[in-house]
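Student: I have a two-chain model to go through, and I would like to talk it over before I write anything down. Could we look at it together?

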Amino acid sequence: MFSKKKITTAYTVEKCTKCGMLKKRKFTEGDVLFSESSKCNSCGESNMIEKIFGEILEQ
Amino acid sequence: MLDFTNLDFDQLFGMKDDTNPLMMLVWILPIILFVFYGQRIQLYVTSGELKKGIKKLDSFRKESRNELIDYLKKNTSLEGDPVKKIDQFIDYFTIMPVDMDPNGIVDKVQHTVRAREDYTREHLKSISPQISDFELSKVQTLLEIASSLQMIYKIINHMFLTAKKQNNYPLILPLQMILPFIMEQAVAMKDAIPAFKLGQPVGDGIGPMVVGKMMLSCKKEIISFQTFLAKTNFEDRTLYLLKAEGPGSTVGRPADALDVITSDSKIDAIIMIDAALKMEGEDSASIARGFGAAIGGIGTERFNIEAIATSKKIPIFSIVVKQSVSEAITLMTKEIADVADDVSAQVYEMIQENTQKGQSVVIIGVGNTSGVPQ
């Protein structure tokens, strides 16, 4: 009756293979771990998907 | 007519010797009612709770079936309408071999389970001949979920209806006791559907995630059905890294792979990394080390790994990441994903502690490898 609604949001964490900079963004379909994704904003090297996880928000 | 405005309470509640007959009825009637109809009243009250649970189970099974059919229609090219065939698959049952004589039972169970898996795979291919192995593994997992939810609903509903039909309260008691646990599992299965549809890693994938990362720069080969092997070196030790073939949703066949490796090379230790069910009160994503084969499932893989290790006298070490049933089969939580590097460091520490230079170690990442390539 008083329980809050839980919503899970999936996130993808990318890590630059050169400078190690981390970038967290929302998960998009097709993301799989260890695959190359966007370019690093800091050094321009390619990012690798380091983690995919869900965070629960209570509403 | 009885005048309720002029009651003598002392007399009514039997405080005097001359007890009111009405008071006697107030005491005696409920006693008679509960003696003869107590169980029926309890059955009626409990039925309400159970009906709510069964209604939820019914909605879960319908939801999982519809999700599967929608997924097939949207993501695969189908030959005809899949609904009839999917409904047949969902209702498929498995009769486990007779265990009166347990000799050879593991092989029989393994044969039955693998035959079912092979049959499902081939028939799903017949629905959609162009389906890729990646999509096929996802559909197969969704089908397993729908089939399990259907089976749970049928069994619980059967037990409930039998108890109601017989007006048998004791029969409904065990059902009332197990229903919260069943509901926990059913909710977890229902919640697992989006993760498998999107090909996301689940909590159970922590083992393949750790080993997959260790494999990244290595040359990989398929060693057994849906199972990858990579060979590498660490401080003068040879490491054989094993995991299921990702990013599809599969657990591979690590026992078959171990059999191939141990028949070709001398192995000095086996390290298994898996997710383990946490106890109530334990922290989620806590890491624990131990001995013995850390692998779940029906038990055949574990039996075969133990048999190989025993015959070759290879010690088995395990590292497990604790999590709940729900966490194990739904999208990996941040806490579990964050411990991957720590688990990896503990694996290397374990290798240093338990093996000498020049020795060989097999490291197995156990679990569903959905969303985790190598």
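The chat below goes through the sheets, the domains, the core and the contact between the chains.

Student: Before anything else, what sort of model is this?

Tutor: This is a predicted model, so the values we discuss are computed from predicted coordinates.

Student: Okay, chain A then. What is the strand order in its sheet, and is the pairing parallel or antiparallel?

Tutor: In chain A, 4 strands form an open sheet in the order β2-β1-β4-β3, and the pairing is antiparallel. The edge strands are β2 (22-26) and β3 (36-39) of chain A, each of which pairs on one side only, and from one strand to the next the twist averages 45 degrees.

Student: How many bridges join β1(A) and β4(A)?

Tutor: β1(A) and β4(A) are paired over 11 bridges in the antiparallel sense. If you want a register point to check by eye, A10(A) has G54(A) in β4(A) as its bridge partner.

Student: And which elements of chain A touch chain B?

Tutor: The elements that give two or more residues to that side of chain A are β1 (6-16) and β4 (46-58), with β4(A) supplying the largest share, 5 residues. Over the whole contact, 13 residues of chain A meet 17 residues of chain B. Sorted by class, the chain A side has 7 nonpolar, 3 polar and 3 charged residues.

Student: Switching to chain B, how is it divided into domains?

Tutor: Chain B is divided into domain 1 (43-198) and domain 2 (203-365), and the centres of these two domains of chain B, taken over C-alpha atoms, are separated by 28 Å. Their contact takes 17 residues from domain 1 of chain B and 12 residues from domain 2 of chain B.

Student: Which helices does domain 1 use for that?

Tutor: On the side of domain 1 of chain B that touches domain 2 of chain B, α4 (105-127), α5 (133-165) and α6 (169-198) of chain B each supply at least two residues. The helix that gives the most is α6(B), with 8 residues, and by class this side of domain 1 has 9 nonpolar, 4 polar and 4 charged residues.

Student: There's a sheet in chain B too. What is its strand order?

Tutor: That open sheet has 7 strands in the order β1-β2-β3-β7-β4-β6-β5 of chain B, and its pairing is mixed. The edge strands are β1 (220-224) and β5 (287-291) of chain B, each pairing on one side only, while neighbouring strands are turned against each other by 25 degrees on average, direction ignored.

Student: Where does the mixed character show up around β3(B)?

Tutor: Compare its two partners: β2 (residues 227-234) of chain B runs antiparallel to β3(B) and is joined to it by 8 bridges, whereas β3(B) and β7 (residues 360-365) of chain B pair in the parallel sense over 6 bridges. L239(B) is a useful residue to follow here, since T232(B) stands opposite L239(B) in β3(B), and in β7(B) the bridge partner of L239(B) is V361(B).

Student: Why is β3(B) described as largely enclosed?

Tutor: Strand β3 (residues 237-244) of chain B has 6 of its 8 residues buried, so it is largely enclosed by the rest of the structure.

Student: What do the turns at the β1(B) end look like?

Tutor: β1(B) and β2(B), which are antiparallel and joined by 4 bridges, form a hairpin with 2 residues between them, and Q226(B) in the turn has a positive phi of about 55 degrees. The hairpin of β2(B) and β3(B) also has 2 residues between the strands, and there E235(B) takes a positive phi near 45 degrees.

Student: Which helix lies across β1, β2, β3 and β7 of chain B?

Tutor: Helix α8 (residues 254-264) of chain B lies across those strands, and runs at about 105 degrees to β1(B).

Student: Last topic, the core. Which residues have the most contacts inside the largest one?

Tutor: The largest nonpolar core has 86 residues, and those with the most contacts inside it are L241(B), M272(B) and I363(B). The largest share, 10 residues, comes from α5(B), and the core draws at least three residues from each of domain 1 (43-198) and domain 2 (203-365) of chain B.

Student: What does I363(B) touch?

Tutor: Leaving aside residues up to four places away in sequence, I363(B) touches V211(B), L239(B), Y240(B), L241(B), L242(B), I271(B) and V347(B).

Note on methods: Residues are numbered from 1 along each chain as its sequence is written. Chains are lettered from A and ligands numbered from 1 in the order in which they are written. This is a predicted model: local features need pLDDT of at least 70, side-chain atom pairs count only at pLDDT 80 or more; totals for chains, interfaces and linings use all residues. Two residues are in contact if their C-beta atoms, placed from the backbone, lie within 7 Å. Ala, Val, Leu, Ile, Met, Phe, Trp, Tyr, Cys and Pro count as nonpolar, Asp, Glu, Lys and Arg as charged, and the others, Gly among them, as polar. Two strands pair if DSSP finds at least two bridges between them. Axes are lines fitted to C-alpha atoms, for helices over the stretch in contact, and angles run from 0 to 180 degrees between N-to-C directions. A residue is buried if 20 or more other C-beta atoms lie within 10 Å of its own, exposed if 12 or fewer, and partly exposed in between; C-beta atoms are placed from the backbone. Domain bounds come from an automatic or database domain assignment. A nonpolar core is a set of buried Ala, Val, Leu, Ile, Met, Phe, Trp, Tyr and Cys residues joined through C-beta atoms within 7 Å.
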